Amino acid sequence: MDPPPALEDLFRRYGASLQRFLTRRGARPDVAADLTQDAFLRLIQAGPAEGIQSREAYLFRIATNLAIDRHRREVDGASSALPLDDQPEPPDLAPSADAALLSREALAVLQRAVDDLPPRGREVFVLHKFEGLSYDEIAGRLGIAKNTVMVHMARSLAHCKRRLDAYRRDHE
């Protein structure tokens, strides 16, 4: 079996194409970059994702939803009856440099947490989270019971959550 893709690899693999996708759908390049980063952050924060067939498709759906939400906010703001001179300055929706740094740091914490999992737990976690396999498919591929897959996933998720929670406590 090939080694599992790291979280950074997901960004390297899909980041540029996701940004182009958003730009082709009308987002300015700077907005597309922000939405891309936000989509990856949402993907990381999503937690267990049962039934996801493709991480790439899920990521693009998150980005599409974020773009739609942003467009709706912009349209609502543009429909105001105030003259242009009286319009309030729109809030800056771009993540701050500090928030972007914390997102990258959280990603690194999560990557180290995954790397520190026991081999079988890491294998189950990667097959489920990154390759999108169901518990039944993982059980069949690894020749173990579905309940064993569930135990490995529960332990792996708890381990990653503890690491992220500790990181967040230290950076509040």
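Let's start at Thr64, which sits in helix 3. Keep in mind as you look around that this is a predicted model. Thr64 has a relative accessible area of 18%, and since anything under 20% counts as buried, Thr64 is a buried residue. Its side chain has a polar atom 2.8 Å from the backbone oxygen of Phe60. We'll come back to Phe60 shortly.

Now zoom out. What does the protein chain consist of, in helices and strands? There are 7 helices and 0 strands, so if you walk along the sequence you read the pattern α-α-α-α-α-α-α. The chain has 172 residues, and 35% of them are buried. Take the contacts between residues at least 6 apart in sequence: 63% of these join residues at least 24 apart. As for the outside, the accessible surface comes to about 10,600 Å², with carbon and sulfur atoms accounting for 53% of that.

Next, the inside. The largest nonpolar core has 38 residues, and the ones touching the most other members are Leu18, Leu22, Ala39, Leu59, Phe125 and Ile138. Which helices feed this core? Helix 1 (7–24), helix 2 (29–45), helix 3 (55–78), helix 4 (97–115), helix 5 (119–129), helix 6 (135–142) and helix 7 (146–170) each put in at least two residues. Helix 2 contributes the most, with 6 residues.

Helix 2 deserves a look of its own. Its 17 residues reach 24 Å from the first C-alpha to the last, close to the 24 Å expected at 1.5 Å a residue. Val31, Ala32, Asp34, Leu35, Thr36, Ala39, Phe40 and Leu43 are its buried residues. Two of those names, Thr36 and Phe40, turn up again if you step over to Gly15 in helix 1. Setting aside neighbours within four places in sequence, Gly15 is in contact with Leu10, Thr36 and Phe40. Is Gly15 buried or exposed? At 3% relative accessibility, Gly15 is buried. Gly15 and Leu59 are 44 residues apart in sequence, while their C-alpha atoms are 9.8 Å apart in space.

Time for the aromatic rings. A pair of such rings is described by how far apart the centres are and by the angle of the planes. How many aromatic pairs are there here? The count is 2. One of them joins Phe21 and Phe60, with 5.0 Å from centre to centre and 70° between the planes, an edge-to-face arrangement. Because Phe21 belongs to helix 1 and Phe60 to helix 3, this pair ties together parts that are 39 residues apart in sequence. Both partners are tucked away: Phe21 is buried at a relative accessible area of 13%, and Phe60 is buried at 16%. This is the Phe60 whose backbone oxygen we met beside Thr64.

Phe125 and Phe130 also make a pair, with ring centres 6.2 Å apart. Why does this pair count as edge-to-face? Their planes meet at 70°, and planes over 60 degrees apart earn that label. Here too the partners are buried, Phe125 with 6% relative accessible area and Phe130 with 10%. Phe125 has plenty of company: leaving out residues up to four places away in sequence, it touches Val114, Leu117, Phe130, Met153, Ser156, Leu157 and Cys160. Right after Phe125 in the numbering comes Val126, in helix 5, which is buried at 5% relative accessibility. Val126 is 12 residues from Val114 in sequence, and their C-alpha atoms are 8.5 Å apart.

Finally, follow the chain into helix 7. How does its length compare with what 25 residues should span? At 1.5 Å a residue they should cover 36 Å, and the end C-alpha atoms are indeed 36 Å apart, so the two agree. The buried residues in helix 7 are Val149, His152, Met153, Ser156, His159, Cys160, Leu164 and Tyr167. Met153, Ser156 and Cys160 are among the residues that Phe125 touches. Tyr167 has a relative accessibility of 10%, and its side chain joins that of Glu105 through a polar contact of 3.0 Å. The C-alpha atoms of Tyr167 and Val109 are 7.4 Å apart, although these residues are separated by 58 residues along the chain.

Methods. Residues numbered from 1 in each chain as written. Predicted model: local features only at pLDDT ≥ 70, side-chain atom pairs only at ≥ 80, totals over all residues. Heavy atoms only, no water. Core = buried A, V, L, I, M, F, W, Y, C linked by side-chain atoms within 4.5 Å. Buried < 20%, exposed > 50% of the residue type's maximum accessible area, 1.4 Å probe, protein only. Helix = DSSP H or I, 4+ residues; strand = E, 2+ residues; numbered from the N terminus. Contact = heavy atoms within 4.5 Å. Expected span 1.5 Å × (residues − 1). Phe/Tyr/Trp six-rings, centres within 6.5 Å; stacked < 30°, edge-to-face > 60°. Areas by Shrake-Rupley, 256 points an atom, 1.4 Å probe, with all protein chains shown as cover. Polar contact = N/O pair within 3.5 Å; in protein donor to acceptor, adjacent residues only side chain to side chain.
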